[in-house]
Amino acid sequence: YMNYFFVGFYTLEIILKMSALRCDFWKGQDWKWNLFDFCLVLFAWFDVFADVFALDSHLNQTWLRGFRLLKMLKMLRVIRVMRFFRELRNIVAAIVGSIATLVWA
């Protein structure tokens, strides 16, 4: 049931993101990441339908295993977040440096 929770959570996330960004979801600076997230949500829903309707017995097992491996690509989202942390670390270092200067002044 945990898989269903995450599918629902990511679906809600993508719906909110699409409603907030509107056309920028497909045309903005991060359109490739948005498309990647959208495809992951579609793949997750296919996996849920395959589980609920027992499509595993009707589909080629090798293809379905490869499909489930695509879900591991979610880890690529971490790369996008790591870029943000590098910028955040620079900002925090600048603030700390400024505070030290103010204390000695």
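**A helical chain and its nonpolar patch**

V92 lies in helix α5, which spans residues 77-104. The model is a predicted one, and this residue is a convenient place to start reading it.

With a relative accessibility of 43%, V92 counts as partly exposed, because that class covers the range between under 20%, which is buried, and over 50%, which is exposed. V92 also belongs to a nonpolar surface patch of about 950 Å². The other residues that make this patch are F85, L88, I91, I95, V96, I99, V103 and W104.

From this helix the view can widen to the whole chain. The chain holds 5 helices and 0 strands, and its pattern along the sequence reads α-α-α-α-α. Of the contacts with a separation of 6 or more, 58% join residues that are 24 or more positions apart.

The surface comes next. Of the 105 residues in the chain, 17% are buried. The area that the chain exposes is about 8300 Å², and carbon and sulfur atoms supply 72% of this area.

The cysteines are a last point to check. A disulfide is a covalent bond between the sulfur atoms of two cysteines. How many disulfides does a search of the whole structure find? The search finds 0. Among the residues to look at here are C23 and C39. C23 is exposed, at a relative accessible area of 53%, whereas C39 is partly exposed, at 30% relative accessibility.

Technical notes. Residues are numbered from 1 along each chain as its sequence is written. This is a predicted model: local features need pLDDT of at least 70, side-chain atom pairs count only at pLDDT 80 or more; totals for chains, interfaces and linings use all residues. Side-chain values use heavy atoms; hydrogens and water are left out. A disulfide is a pair of cysteine sulfur atoms within 2.5 Å. Buried means under 20% relative accessible area, exposed over 50%, partly exposed in between (1.4 Å probe, protein chains only). Helices (H or I, at least four residues) and strands (E, at least two) are DSSP runs, numbered from the N terminus. Contact means heavy atoms within 4.5 Å. Accessible areas come from the Shrake-Rupley method with a 1.4 Å probe; for residues, only the protein chains shown count as cover. Patches are made of residues with over 30% relative accessible area and no salt bridge: like charges are joined within 9 Å, nonpolar side chains (Val, Leu, Ile, Met, Phe, Trp, Tyr) within 5 Å. A salt bridge is a side-chain nitrogen of Lys or Arg within 4 Å of a carboxyl oxygen of Asp or Glu.
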